Amino acid sequence: MERSVISKGKTVEQAVERALALLEVSKKEVSIEIIDNESRGFLGLNARPAVVRVSLLPIGIPEMAAPYSSVNTPATVISTDRRAVGVLGQSTAAESTAVVTLPAEESGHDSLGPTPIADEGKIWIAEGQIAMHIPDGASLPMIDAFKSGDILINGTALLAGQSAAVSGEDVIDIRLAGESKDSTWQLDIDNDGMKASLQIEPGYHITRTLMDTEPNPRLMLRVAQNKKPAAIDPQEIYQQLRAKEIIFGMDSSMIELACRAEKAGRFVIASGQPVIHGQDGIFELQTDAAARKVQPKLRENGTIDYRETREFPSILEGERIGTIIPSQPGIDGRDIYGNFILAPVVHDIQIIPGKDVQLSEDGRDAFALKSGMPSQTRQGHYVKLSMIPKLMHSGDVNLASGNIHFRGDVEISGAVQDTMEVEAEGNIRVRGNINMAQIMAGDSLIVHANVLSSRIIVGQLQLFYGQMTPMLIYVREQVELMKQAVHQVSSASAFKINDLDQTGLAPLFQVLFQGRFKWMMEQLERLLRLEEQYQSALKEEWTRYFQEIRNGFMNKENSTFRTAEDLESFIRRTNYLYTLASAPVVERNFARLHFVQNSTVRCGGDVIVEKGAYNAHLHCEGTLESTGTLRGGTYFAAEGMVLQEVGSPGTGTTKLHVDAKARIKAARILAGTTIQIGERIHQCMEDVEHLEIWLNSNDQIVWKGRE
Amino acid sequence: MFTYRLELTGQQITVYCEGDIDIDAGDTFEEQLEPELAEASSVILNLGAVQFVDSSGIGLLIKLVQDLQEQERQVWIEQTQPEVMEVFQLLQLDEILGKDTFR
């Protein structure tokens, strides 16, 4: 009986050698049939081994008893019948054609393969099932396992790379394992209950199916793979939403989309309805609209031209001062739990007509009964509106006209001459020169010509507030500490308080002022000097406060403060005035000057110098802007400076000074100019162009510019 | 009621104070005690028998000590009762009169 071995190898030669070794014979004793030449495939894909059949020539060599492995894996007995994998003994196939169905459908199809070819059994896949045709006497077809566990023959799995010969009697089970991963999701709700979102990590199902093949002596399974995302059941989501009591603003189409998502992502599936804020009613001045039409112009060098915007609002008799714009209510919102979120209540505003103001019948419009400047103060939902009269003075202010003191605005068409004084609670406009005179404007000042050897004070109240604020903070702190000291010492067992009935806290203050509160007296004295300086501009509440300081702290023999509680109420009044002084001002004061020489200018707001200044002493709580040249003198502007040229070649020094947080910008600064920012001083040794200078967070001077 | 007793040892006067140093002690301090100390180069104020003080009294004490110090004379305050010392400390008398004054 013929014995043959089918052998595989990387090359035909290798396959033959293996077969010879197995049969323990020499090449002369066998016939060799090449079944398949090797193929390297592409990048190792589809690489096929060479397959040869080596048959012993019939010369009566005894049968091999042991099973053989056809490949370079150890021999594996995979069935309990006579045959072993890979070794083809005598043909045992009884039937000529066998159809092996997968165990699950054992009673399935009985399809026949294509026309059988003599002496070779064939195997193939048809409609997903294994089919075989093994004619009598034909060699058995082979199955190659590509992946371990895919193919089970009589219950035993083939490992990857193994092959097996099969007959119709074998139970061939092909198990194409699918793969799947469940989708995961998480419902997140924003803290404010306005948004719920799903974080989706989609899973998948992979199914593998057999593809049909042509009949062949060897079967390599061809497998089709199908990957589908694993969908989430929307009902799970709805259930979770119900559990979280989310009922409003759900987006069912977004939930659908999220459930079927193929990529990980976040899906907003419920959104609340945000509150739409309304607007309070406002009072709009007619002049606001007119004045704001003129936008400040940006000059080429980056500075801003304020000149066109800095004008006094003024309204003629009978003209409308302004209109109330009614409030607009907001729209309530809802969160995703269905709770309503109320829009903030809006308020209408009401005009209280003051001096020379008349309202329309519906109270919406205000009209001026006299020409002048409108003045509005806001208290809660009321606007108190009055007209400040304007004094027109034609010609010069001189000995003939006398000084001007006016509780309103003043406009002077001429000059203010030697030793004369003009004082107004409102604005002052002077069209001529101011020469060796004094001007005091409660609000703002515009001078169209020159200020020579004069003294100018503008926005006194703002100036006063600016200097008062830090002092009030100090007083508040110190008196608070004094209050505690009084408390402490009063509760000491050896301390008698009888004398305080006669003298108040005065004797105790005298002791404290020598000890822990050494600097207090000096500060209080400075405070009282301010009062003297600004007396004329101060209202009664300030005068009363200063009187309280005098009677409470300054008298050595007697004090109106008798207990710690008295100090407490003093602290409250200090605090009230602090709030008043530190409150941001609606209308900033300003002084717009043309040219200043040998003069002192103090302004509570901003100062604009158009042509320039020569040897001036200028102090302002706002910003200083100059479009001319500053030559000599001292210039302080708390909030910063934007300047053109600064410095004085050969003629004394020029000093610029701003607060620590402010900056100085200048187109050109000449050598010899001193710059002070906060406490830091910088001396310019060279001319610098396009200078910008400020303090960094380490309190160091930083500047950029071109020397 | 404030009273005192003097003890003279060469150029040094020890003032033994008794009673409360308070507003009522003002006359005694200014009209009697101060003139009596005019000659001494060093003064010791013994407060061992002083139980109470008030702010006016402390003022008097400060003024007395400072006046003497200005005349470049040595002043010490000694045997102060702990309760009285507490008041002195709260009002920082040691800062005002100098730490060395108390002993």
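Helices (H or I, at least four residues) and strands (E, at least two) are DSSP runs, numbered from the N terminus. The model used here is predicted, so local features need pLDDT of at least 70 and side-chain atom pairs count only at pLDDT 80 or more, while totals for chains, interfaces and linings use all residues. Residues are numbered from 1 along each chain as its sequence is written, and chains are lettered from A and ligands numbered from 1 in the order in which they are written.

**Exercise 1. Take stock of chain A: how many helices and strands does chain A have?**

Let's start with the elements: there are 10 helices and 52 strands in chain A. Next comes burial, where a residue is buried if 20 or more other C-beta atoms lie within 10 Å of its own, exposed if 12 or fewer, and partly exposed in between, with C-beta atoms placed from the backbone. On that scale, 32% of the 707 residues of chain A count as buried. Finally, two residues are in contact if their C-beta atoms, placed from the backbone, lie within 7 Å. Among the contacts in chain A with a separation of 6 or more, 47% are between residues 24 or more positions apart.

**Exercise 2. Trace the open sheet of chain A: in what order do its four strands lie?**

Two strands pair if DSSP finds at least two bridges between them. Following the pairs in chain A gives the order 19-22-27-26, with antiparallel pairing. At the edges are strand 19 (282-285) and strand 26 (357-359) of chain A, each paired on one side only. From one strand to the next, the twist averages 25°; axes here are lines fitted to C-alpha atoms, for helices over the stretch in contact, and angles run from 0 to 180 degrees between N-to-C directions.

Now zoom in on one pair: strand 22 (residues 320-325) and strand 27 (residues 365-368) of chain A are antiparallel and share three bridges. Within strand 27 of chain A, A:Ala366 is the residue opposite A:Gly322.

**Exercise 3. Describe helix 5 of chain A: where does its kink lie?**

First check the length. The expected span of a helix is 1.5 Å times one less than its number of residues. For the 31 residues of helix 5 of chain A this gives 45 Å, and the end C-alpha atoms are 43 Å apart, which agrees. Then look for the kink: about 35° at A:Met468, shortly before the proline A:Pro470. The bend at a residue is the angle between axes fitted to the seven residues ending there and the seven starting there.

**Exercise 4. Examine the side of chain A that touches chain B: which element supplies the largest share?**

Begin with the totals: 21 residues of chain A are in contact with 22 residues of chain B. Helix 5 (460-490), strand 40 (495-496), helix 6 (499-503) and helix 7 (506-514) of chain A each supply at least two residues of that side of chain A. The largest share, six residues, belongs to helix 7 of chain A. A further step is the link between strands: strand 40 of chain A runs parallel to strand 4 (residues 53-54) of chain B, joined by two bridges. There, A:Phe495 is opposite B:Val53.

**Exercise 5. Place B:Phe29: which residues is B:Phe29 in contact with, leaving aside its neighbours within four places in sequence?**

B:Phe29 sits in helix 1 (residues 26-36) of chain B. It is partly exposed, because 19 other C-beta atoms lie within 10 Å. Beyond those sequence neighbours, B:Phe29 is in contact with B:Glu34, B:Leu60 and B:Leu64.
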